[in-house]
Amino acid sequence: MDTEYLKTYAQSADDNTLAHGLPLTEQQKQLIAMVDEVGPTWSQRAFKHDRDASFPIDNWNDLRRMGFLGLCVPQRLGGMGADYRTYMLVASRIGYYCGSTANTFNMHNANALWTADMVDQLDLNEDQRASHELNRQHHYTKMLAGQIYAQPFSEGSSAAAGKAPFGTLARKVDGGWVLTGRKIFASLSGSANYYGVLCTEDLPNASMRHTLFVAVPATAPGLSIEGDWDPLGMRGTVSRTLILKDVFVDDLAPMMPPGIYAQAASRYPHMFMTLTPTYMGIAQAAFDFAVAYLRADVPGVGVKRRMYPTKQIAIAQMYVKLQQAWSLFHRTTSEYRCDPSRSERMRALACQHTVMETSAEICSDAVKVCGGQAMLKTYPLERMFRDSRCGALMLPWTTEICLDRLGQGLLYQAGESD
Ligand SMILES: Cc1cc2nc3c(=O)[nH]c(=O)nc-3n(C[C@H](O)[C@H](O)[C@H](O)COP(=O)(O)OP(=O)(O)OC[C@H]3O[C@@H](n4cnc5c(N)ncnc54)[C@H](O)[C@@H]3O)c2cc1C
């Protein structure tokens, strides 16, 4: 399908669809404009990557050329220095054009975002700060040289939900660490140059406090990828299983000093929200498609359907849901900080839940309002419908876990129990 119509629809960023009427910085405008330039081509390529369940390497070559592999690398270390909110805005624009590209870009980018200013605000001793500076410079240099970082945490246990230590173990040896374990749903498998793995230090009585965040080179002996990848949606993420068998990594591999990940996870809850923009982008894209389809602005659609009151009401209802989700998204992405208040924490969980569920609802509504011809594979809508359903499943903040945590957090103050 010709995706050129997106040029006019996406440009409605001028009336602040994306920023929801909030002012954008010059840097944010520039970065979004860069995405808009390549976006329609990514939407075009998405048909093939979805059909073949293949990684959108061509889109990643664009991202590399645009300098986006260093998007959240601090400027003083050679990157673009995008902050949390800038990342969230830019990523929602990427998701607007291609869900799998945004979902995988999140994995790469989180490796930079989580190790930059965020760690600087945490409690580290002098030695930890010095070793962190050395290690992150090492990894940022690789990112800036175009190397791709993945982030496989999930193991199929309660660990990725934040309820148990990771089963993947890291044993300290002279000059480095030896890792053994298994990671499921490793997005970018086979395409990443490094896998940012969460594991547990192999110590007697090790707990979640001993979580270690380590970047493992794809070429390390003992690392292999196995299993099929033929899922419902987000097919371009190619999230196969990663096996680590006595994999040696040197002392530059840790992305955070031992013990610091647990501190980050408890003091920076917004770090777990970085997949929301992918799904906000998909929701906006499904809405825009529905409007374009009913107006017969989508190439190949010869009949206008906008004059029927049922369509008008359905579009109005979709718009209301979309605005509710954007509102919460913008509010919450502006509240990112170390040690947020209780209500900011609760709002972040509510935002993740709202975005992931609303995205799936809007895509489902769009299929209904556009009708049978619109769900043919000629059009992007059925892919958005499938992709959007995956947002609710993302650990540690699946939509179910968000509700669990909200219910508990709202009914109990810190330190209370029954
Ligand atoms: C397209 C896609 C790409 C992905 N990419 C990555 C990636 O790059 N890296 C990565 O680490 N993971 C990735 N994931 C994995 C994702 O984060 C989950 O780990 C995966 O979907 C979990 O599947 P599961 O069947 O093992 O879930 P389970 O752990 O069995 O959970 C099933 C459901 O039960 C609920 N649940 C689980 N544990 C608890 C608990 N303790 N308390 C309350 N409720 C609970 C949750 O709602 C969850 O959705 C990806 C997933 C998808 C769909």
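What distance separates the centres of domain 1 and domain 3, taken over C-alpha atoms? In this predicted model, the answer is 19 Å. The domain assignment splits the chain into domain 1 (5-144), domain 2 (149-258) and domain 3 (265-411).

Domain 1 and domain 3 touch, with 27 residues from domain 1 and 30 residues from domain 3 taking part in the contact. On the domain 1 side, helix 1 (5-10), helix 2 (26-52), helix 4 (84-97) and helix 5 each chip in at least two residues. Helix 4 gives the largest share, 9 residues. Sorted by class, the side of domain 1 that touches domain 3 comes out as 15 nonpolar, 9 polar and 3 charged residues.

Now for helix 7, which covers residues 126-144. Its 19 residues reach 26 Å from the first C-alpha to the last, close to the 27 Å expected at 1.5 Å a residue. Which residues of helix 7 are buried? They are H132, N135, R136, H139, Y140 and M143. These residues cover an arc of only 140 degrees around the axis, so they sit on the same side of helix 7. That kind of spacing ties in with a general point: an α-helix has 3.6 residues a turn, so residues three or four places apart point the same way.

The buried residues of helix 7 pack against helix 5 (99-113), helix 6 (117-120), strand 1 (149-150) and strand 5 (211-217). Turned away from that buried side is a face carrying the exposed residues E126, D127, A130 and L134. Just after helix 7, G146 takes a positive phi of about 100 degrees.

Conventions
Residues numbered from 1 in each chain as written. Predicted model: local features only at pLDDT ≥ 70, side-chain atom pairs only at ≥ 80, totals over all residues. Helix = DSSP H or I, 4+ residues; strand = E, 2+ residues; numbered from the N terminus. Expected span 1.5 Å × (residues − 1). Buried ≥ 20, exposed ≤ 12 C-beta atoms within 10 Å, placed from the backbone. Arc of directions from axis to C-beta. Contact = placed C-beta atoms within 7 Å. Domains from an automatic or database assignment. Nonpolar A, V, L, I, M, F, W, Y, C, P; charged D, E, K, R; others polar.
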